[in-house]
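Work through the exercises below with the sequence and the model at hand. Each task is followed by a solution in steps.

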Amino acid sequence: MTSAFSEISALQDSGIANGPAIGAGSGTRRPLRGRGNGLTRLASAALVTGLVAAGALAGAGTAAADDAAPQHPGGAIAVLDGLKTYDDAKIKTDKGTQSVSAGLFEMTVNGGGTLKTYCIDIHNPTQGNAEYKETPWAESSLGKNDNAGRIRWILEHSYPQVDDLASLAKAAGAKSLTAGTAAAGTQVAIWRFSDNADVTAVNKDAEKLADYLQGAAQNSTEPQASLTLSPAAVSGQAGGVLGPVTVHTDAAEAAVAPPADAVASGIKITDKDGNPLSKATDGTELYFDVPKGAADGSASLTVQATTSVPVGRVFVGESKSQTQILAGSSESVVSAQATANWAAKGPVPAVTAKKDCSKGAVEFTVTNNGDQPFKFTFAAAGDVYTVEPGGSKTVPVGVGEDKAYDITVVGVDSDFKQNFKGVLDCVTAATPAPGGDEGTDTQTGASPSPATTVAAGAVTGGGEGDLAATGGSSATPVIAGVAVALVVLGGGAVFFLRRKKSAAAAQ
């Protein structure tokens with residue numbers, strides 16, 4: 001699967017080593033949102049900020065930036081490492097009974113951090129090293145699943161959030177549980193709600209855990225995103241503040257970088273009164289302060305933090321790779337972007353887009369804070385829409401399930417153009433895909449095939465980076481050291497500034 005949009009972000013190339021693992025003493029339940037050492041959090045954020053700044057400055061002025069904008073709602077971006085802690089299960093379909101491996105996957109977060117996830121799309125195979133992005137429930141199969149809250153309850157009340165396996169076994173009426181059988185029982189219970197699957201764990205104690213979790217599960221609400229900005233695009237005329245862009249995060253604090261060329265452009269990131277901001281918390285409102293007389297153009301800011309991503313957040317693949325749901329997180333780097341467009345006169349549009357699984361569409365919201373109407377169309381669509389000054393218009397564009405879309409918003413009487421790409425994947429497969437075993441493969445290429453028999457309690461991929469362990473990764477001192485160096489060198493600025501082609505030509 002893929003998220004609705006393709007993000008333009010230098011974070012995708014910054015594969016830093018894993019950050020510290022989450023930890024809980026034996027017999028404890030891991031907290032929903034952890035907070036790590038403050039120095040580590042700030043150092044990690046500073047490191048990634050510097051890396052993004054370097055990427056931004058290196059790419060400044062490229063044609064690719066002309067119609068590009070942040071298209072990911074924000075949060076963690078990670079690469080799937082594979083199935084790490086698992087045991088056997090069997091699923092019944094109209095083609096018979098098939099063996100699958102059920103358990104916990106691991107992902108490495110871009111910029112630092114490790115995630116553990118369960119599958120919520122059993123009939124869709126994983127793709128090796130697929131990139132995943134944190135996604136709202138409404139933009140995934142959980143958006144139309146009445147049992148989504150019960151899945152979150154299971155995640156919070158089973159392994160690895162509860163790592164006292166003896167107590168978990170007692171609650172489930174099982175003799176004993178290993179990490180592998182606990183992960184398998186938890187995955188089986190989740191599949192019964194996420195896919196309405198007829199699936200059982202091979203190990204008797206894992207099956208008892210699955211039955212217990214299924215019967216005890218209660219409705220829970222969707223967890224808050226680790227970090228998002230709303231709206232992701234604003235517009236207006238030069239000579240004042242443009243916004244607000246509101247920060248939504250579960251992190252204690254997030255970094256807001258100043259413009260890379262603040263002295264030359266005079267553009268700042270401020271509060272509503274024009275006071276510069278370099279930090280933000282949940283609810284902070286950010287504004288682009290654009291000086292009077294600034295040439296028509298646009299800019300993007302990035303807000304970053306390190307935090308434990310909340311349990312129950314969905315991760316959707318950039319390729320058609322099965323959707324995952326978060327079961328545990330180390331302190332991980334999260335980020336979000338927002339853009340601003342400005343002009344001296346005429347229409348000044350801003351466009352945001354999101355998948356709407358309830359409508360089977362991508363929903364575009366276009367605002368216009370200029371002094372003339374903005375007329376736009378969707379490339380090759382034909383219909384023309386008008387947004388009056390100070391107004392907005394939301395237009396859903398229907399796209400086929402599992403079909404890649406490539407939609408461009410085009411100004412009719414202007415050179416405005418913005419492109420959005422992705423795949424709408426809102427429904428889990430009701431039956432295996434053609435080809436039998438391939439359709440229910442819950443592994444990556446580095447993992448055993450579904451038919452492989454795994455010894456009860458088999459666990460791979462432990463040690464450093466394992467979320468069940470207590471303590472920090474050896475990468476932490478490296479992150480702190482590089483971050484300090486980047487700050488000293490002035491590499492901490494994250495800001496993209498360009499001028500429209502028309503303005504450049506006028507010069």
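**Exercise 1.** Decide whether N196 counts as buried or exposed, and describe its backbone.

Solution. Step 1: N196 has a relative accessibility of 70%, so it counts as exposed (exposed means over 50% relative accessible area, buried under 20%, partly exposed in between, with a 1.4 Å probe and protein chains only). Step 2: its phi is near 50°, a positive value in a residue other than glycine. Step 3: N196 sits in the loop between helix 4 (179–194) and strand 5 (198–201); helices (H or I, at least four residues) and strands (E, at least two) are DSSP runs numbered from the N terminus.

The model is predicted, with pLDDT of at least 70 needed for local features and 80 or more for side-chain atom pairs, while totals for chains, interfaces and linings use all residues. Residues are numbered from 1 along each chain as its sequence is written, and side-chain values use heavy atoms, leaving out hydrogens and water.

**Exercise 2.** Treat N129 in the way used for N196.

Solution. Step 1: N129 is exposed, with a relative accessible area of 61%. Step 2: phi is about 60°, positive although N129 is not a glycine. Step 3: the loop between strand 3 (114–119) and strand 4 (131–135) holds N129.

**Exercise 3.** Describe how helix 3 packs against helix 5.

Solution. Step 1: the axes of helix 3 (residues 165–172) and helix 5 (residues 204–216) are 8 Å apart, at an angle of about 70°. Axes are lines fitted to C-alpha atoms, for helices over the stretch in contact, and angles run from 0 to 180 degrees between N-to-C directions. Step 2: that angle makes helix 3 roughly perpendicular to helix 5 (65 to 115 degrees; under 35 is roughly parallel, over 145 roughly antiparallel, the rest oblique). Step 3: L168, A171 and A172 of helix 3 make the contact with K208, L209 and Y212 of helix 5, where contact means heavy atoms within 4.5 Å.

**Exercise 4.** Locate the disulfide and characterise it.

Solution. Step 1: C357 and C426 form a disulfide with sulfur atoms 2.0 Å apart; the cut-off is a pair of cysteine sulfur atoms within 2.5 Å. Step 2: the link is left-handed, with -75° about the S-S bond. Step 3: C357 lies in the loop between strand 17 (349–356) and strand 18 (361–368), and C426 in the loop between strand 23 (417–423) and helix 7 (476–488), 69 residues apart. Step 4: both C357 and C426 are buried.
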